[in-house]
Amino acid sequence: MKTPLFVSAFLFLGFLPFISAAPAARSVEVIVRHDLKAARPAEMIAIPLSELQRRLPGVASERLAVRRAGIAAPLASQVLPAPASTIAGGEFIFLVDFAEGEQETRFVVTAEANAIAPVASRVFARRVSERFDDFAFENDRLAHRVYGPALAAPAAGREQLTSSGVDVWCKRTGKLVIDAWYSSKDYHKDHGDGLDFYHVGKTRGCGGSGLWDGAELHPSGNWTAYRVLANGPLRTVFELDYAEWTAGGGVRVSEVKRFTIDAGRNLNRVDAVLTGATGPVGYALGLAKHPPTPAALSHDLAAGWLSQWENYAKPDQGGLGTAVLVAGGPARSVAQDAKNHLLVADAIPGRALTYYFGAGWARAGEFTDQAAWESYVRAFATRLSHPLKISFVQP
């Protein structure tokens, strides 16, 4: 396994708080503000551990808990160590739903007397060695998988496939299903929790990428190395390496992608870093074509997103929305090839390009038609352009 681009890896399990029998000895009040009147469900608040350690000297990270001001019940939380965090020294994260019109909320972070008890996770990822090195990941909304080195090898036989496309497993349960579905090997039928009916093959699937030269797409092969940096309960972070490939015009590139999977969201974050090219390149994010399945496309280049809604014929499949989104926008253009619809952005080698991908399934109940799915994508892009602002009451 090659040396990681970001950090060396280790697995870290987060924790959820409970109300301690003993009163909290110390606390700090946190104010979170934003300038949108719309509701903001499943927002992840991130506070640098260094700030909490400065305001609560000597606190052990495993004893941190958080509550809304004036409310006794704790909120779900997790400590992310430095390797999994975008903040030096790590961060303390917790999940919050902001109601429509709720533009300022206060929280109290406490140093509990005892370590916080772990609870069941809402996110998960692992290498599936028993299925040709699939790398599978999920939250309480959807599951996905990407294909690994064993599937690209001749030993895979009739299953052999070279593709860096992203698969979608449609869920209508909040439970984690990856281990159960792989164990049953019957995930193409809906037994009550959902099923896998989405086809990837050589397409980009839902959010696979490649370099676009204006006429042809140049995708990578299967991932070649992985690192799991954090694995729940609210956020899972992992990295996948993609070995050097030809990206047109004799240019050879390689790539590292860092995936951040949060509970409660249908769109997942990727920070992609290319090496090998010498200047800006066209980085294309794809949504697979599935003829003859009826599909409707929409996009907003200024906001940086491309959405597709497909109506599948079988009753246990139904409607499925997929989308890709460049964080902060704008995107350069939309394009297509024989297998994919593409959203093209400018990527600078050596710098992370942040994008999101994901899906919404009609049979899960929330996104019952194209309009509902596009509304979610549009609102998600708007929220990214209006970030939360965090301040402290205690100096």
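This is a short walk through one predicted model, starting from a strand and moving out to pockets, rings and backbone oddities.

Okay, hi everyone. Keep in mind as I go that we're looking at a prediction. Let's start with strand β16, residues 252-262. Is it buried or exposed? Ten of its eleven residues are buried, so the strand is largely enclosed by the rest of the structure.

What does β16 pair with? On one side of the story there's β15, residues 235-246, and the two run antiparallel with ten bridges between them. If you want a pair to click on, T236 has I261 of β16 as its bridge partner. β15 and β16 make a hairpin with five residues between them, and in that turn G248 has a positive phi of about 95°.

Then there's β17, residues 267-275, which also pairs with β16 in the antiparallel sense, this time over seven bridges. Here T260 is bridged to R269 in β17. This is a hairpin too, with four residues between the strands, and G264 takes a positive phi near 80°. General reminder for the side chains: in a regular strand they alternate between the two faces of the sheet.

Hold on to those three strands, because they come back in the largest pocket: β15, β16 and β17 each supply at least two residues of its lining, as do β2 (40-48) and α4 (370-384). How much space is in there? About 630 Å³. The lining is 28 residues, and the ones nearest the centre are M44, R235, R265, R269 and Y356. So that's R269 again, the bridge partner of T260. β2 gives the largest share of the lining, with five residues. By class you get 14 nonpolar, four polar and ten charged.

The second largest pocket has a volume of about 240 Å³. It has 14 lining residues, and nearest its centre sit R131, R145, Y147, H188 and H199. That lining splits into six nonpolar, three polar and five charged residues.

Now the enclosed spaces. How many cavities of 30 Å³ or more does the structure hold? Two. I'll just show the second largest, at about 30 Å³. Its lining includes I261, which we met opposite T236, along with R265, N266 and N268. F137, E138, N139, L142 and H144 are in that lining as well. β8 (134-138) and β9 (142-146) each put in at least two residues. In terms of class, that's three nonpolar, four polar and two charged.

On to the rings. There are 23 aromatic pairs in the structure. Take W169 and W181: a tilted pair, 5.3 Å centre to centre, with 35° between the planes. W169 is in strand β10 (residues 167-171) and W181 in helix α3 (residues 178-184), so this pair ties together parts twelve residues apart in sequence. W169 is buried at 0% relative accessible area, and W181 is buried at 8%. W169 also pairs with Y182, again tilted, at 5.0 Å and 45°. Y182 is in α3 too, so here the strand and helix are tied across 13 residues of sequence. Both W169 and Y182 are buried.

There's also a cluster linked by ring pairs: F135, F137, W223, Y226, F238, F259 and F357. F137 should sound familiar from the cavity lining.

Two charges over rings, for anyone thinking about how to treat those contacts. R55 lies over the face of F392, 4.0 Å from the ring centre. K257 does that with Y242, at 5.4 Å.

Last bit, the backbone. Most residues other than glycine have a negative phi, and most peptide bonds are trans. So what's worth flagging here? The bond from P291 to P292 is cis, omega near 5°, and P292 is in the loop between β18 (281-288) and β19 (295-300). G329 to P330 is cis as well, with omega near -10°; P330 lies in the loop between β21 (319-326) and β22 (333-336).

For positive phi outside glycine, A42 is near 55°. A42 lies in β2, and counts as buried at 6% relative accessibility. D133 has a positive phi of about 65°, and is found in the loop between β7 (124-128) and β8. D133 is buried as well, at 9%.

That's my tour, thanks.

Conventions
Residues numbered from 1 in each chain as written. Predicted model: local features only at pLDDT ≥ 70, side-chain atom pairs only at ≥ 80, totals over all residues. Heavy atoms only, no water. Buried < 20%, exposed > 50% of the residue type's maximum accessible area, 1.4 Å probe, protein only. Pairing = 2+ DSSP bridges. 1 Å grid on protein atoms, 1.4 Å probe; cavity = no way out; pocket = protein on both sides within 12 Å on 5 of 7 lines; lining within 4 Å. Points joined across faces, edges and corners; volume = space filled by probe spheres on them. Nonpolar A, V, L, I, M, F, W, Y, C, P; charged D, E, K, R; others polar. Phe/Tyr/Trp six-rings, centres within 6.5 Å; stacked < 30°, edge-to-face > 60°. Lys NZ or Arg CZ within 6 Å of the ring centre and 35° of its normal.
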